[in-house]
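I opened a new page for this structure. My plan is to look at the DNA first, then at the meeting of the two protein chains.

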2 protein chains.
Amino acid sequence: MRRRLHRPASPITLRIAMSADTAARLDHQLCFALYAASNAMTRLYRDRLEPLGLTYPQYLVMLVLWEQDGLTVKAIGERLYLDSGTLTPMLKRMEEAGLLERRRSRDDERQVEIRLTARGRALEREVAALQRDLFCLLPLGPEDMARLRTELRGLAARLRGLDSL
Amino acid sequence: MRRRLHRPASPITLRIAMSADTAARLDHQLCFALYAASNAMTRLYRDRLEPLGLTYPQYLVMLVLWEQDGLTVKAIGERLYLDSGTLTPMLKRMEEAGLLERRRSRDDERQVEIRLTARGRALEREVAALQRDLFCLLPLGPEDMARLRTELRGLAARLRGLDSL
DNA sequence: TAAAATTAAATTGTGAACAATATACCTTCC
DNA sequence: GGAAGGTATATTGTTCACAATTTAATTTTA
């Protein structure tokens, strides 16, 4: 019996032993690193977006619309990977705030087209200043940032692929 | 006038030009890559945790408590970077579900100590199986995963540092 | 030691995020 | 052209995430 304890473990045994010992630990989880970093990033933006009257997810919607105005709810959702249950109330709040307008498409009345107001368009300049500030504050060089961004986008794409399995 | 257009830009001019042209674009934002990846990861866990009666944030709380039982709400919050406004209702739901118990500390009655029930402790085995499944599914080798995790933890720590600025 | 300051949870209110469902509209195909 | 099937958005209900405030308990300090 004692000899078994000293026998070198096979790769498979080793893998299982590692899992049992360490898999559950919070700090070994990629998912938690991702979760905590995302929360921290959102918090950083929150304070800086608040004077502009934007929440962080609303800021993402504005980024989409500044790139291309007049998109449907569905198109915005495809860009941000969010569904109508998230976007509909959010877009209504943004309409209330005078940032955009929602209008049923004439061609297809199922669709709702989102168009920026002058005020929504004007906000782009203020946000650009904020982005420059944050870019300088961020503790990453442009290359590291680009690499990490690419890595995360790849990961997210593959995670989305797994979702259907 | 025309000559200026052809003059090679200084590094600073270049940086500013890049910001104006591209900074606003969604796909250039590290924050969005992080946000989208975190959402995708949470979605992946959601479906697999649902049969165990856990949400993703509840799963994180369980990871903390499996490491060390009997922590206060504050201690759990420090581990997960969440505040009492998030944790209090969540822990109440978990108590309802029979996963843990909440009890005022005898030493300091401001504090509430969280202790796993037998059921809560038993869940660790089922979660370990789930973790092994996901580990195999994840489109990353162990080294890449460790590197990305370390990078994200460093980023999060530095973002938290900036928060006070 | 009594008042002031600090701390830990809880509470309240807002805004995501999403599942499940409903509703209205469009397209197809017989 | 009309039923069947699919699509786009909206709605409802649950669960985070957090700011701001409240309550109760502890610690500090005057």
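**Entry 1: DNA strand D.** How many residues surround DNA strand D, and which are the closest? I remind myself that I am reading a predicted model. I looked up the surroundings of strand D and found 24 residues. The closest are T72(A), K74(A), G85(A), R110(A) and G85(B). Both chains are therefore on my list for the next step, the helices.

I noted which helices supply at least two residues each to the surface near strand D. From chain A they are α3 (30-49), α5 (73-80) and α6 (84-96). From chain B they are α4 and α6 (84-96). The largest share, four residues, comes from α6(B). I then sorted this surface by class: five residues are nonpolar, 10 are polar and nine are charged.

**Entry 2: DNA strand C.** I turned to the other strand. Here 24 residues surround DNA strand C. G85(A), T72(B), K74(B), G85(B) and R110(B) are the closest. Chain A supplies at least two residues from each of α4 (56-67) and α6. Chain B does so from each of α3, α5 (73-80) and α6. The largest share near strand C is four residues, and they come from α6(A). By class I wrote down five nonpolar, 10 polar and nine charged residues.

**Entry 3: chain B against chain A.** Next I looked up the contact between the protein chains. I found 48 residues of chain B in contact with 48 residues of chain A. On the chain B side, the elements giving two or more residues are α2 (11-22), α3 (30-49), α4 (56-67), α7 (118-137) and α8 (142-163). Which element gives the largest share of that side? It is α3(B), with 15 residues. The chain B side holds 32 nonpolar, four polar and 12 charged residues.

**Entry 4: the α3 pair.** I went on to the two α3 helices. The axes of α3(A) and α3(B) come within 9 Å and cross at roughly 135°. Because of that angle, α3(A) counts as oblique to α3(B). Their crossing is left-handed.

Which residues meet there? From α3(A) I listed C31(A), L34(A), Y35(A), A37(A), S38(A), M41(A) and Y45(A). They meet C31(B), L34(B), Y35(B), A37(B), S38(B), M41(B) and Y45(B) in α3(B). By class, this contact has 12 nonpolar, two polar and no charged residues.

How values were computed:
Residues are numbered from 1 along each chain as its sequence is written. Chains are lettered from A and ligands numbered from 1 in the order in which they are written. This is a predicted model: local features need pLDDT of at least 70, side-chain atom pairs count only at pLDDT 80 or more; totals for chains, interfaces and linings use all residues. Two residues are in contact if their C-beta atoms, placed from the backbone, lie within 7 Å. Ala, Val, Leu, Ile, Met, Phe, Trp, Tyr, Cys and Pro count as nonpolar, Asp, Glu, Lys and Arg as charged, and the others, Gly among them, as polar. A residue is near a molecule or strand if its C-beta atom, placed from the backbone, lies within 6 Å of it. Axes are lines fitted to C-alpha atoms, for helices over the stretch in contact, and angles run from 0 to 180 degrees between N-to-C directions. Angles under 35 degrees count as roughly parallel, over 145 as roughly antiparallel, 65 to 115 as roughly perpendicular and the rest as oblique. A crossing is left-handed if the near helix is turned anticlockwise from the far one by less than a right angle, and right-handed if clockwise.
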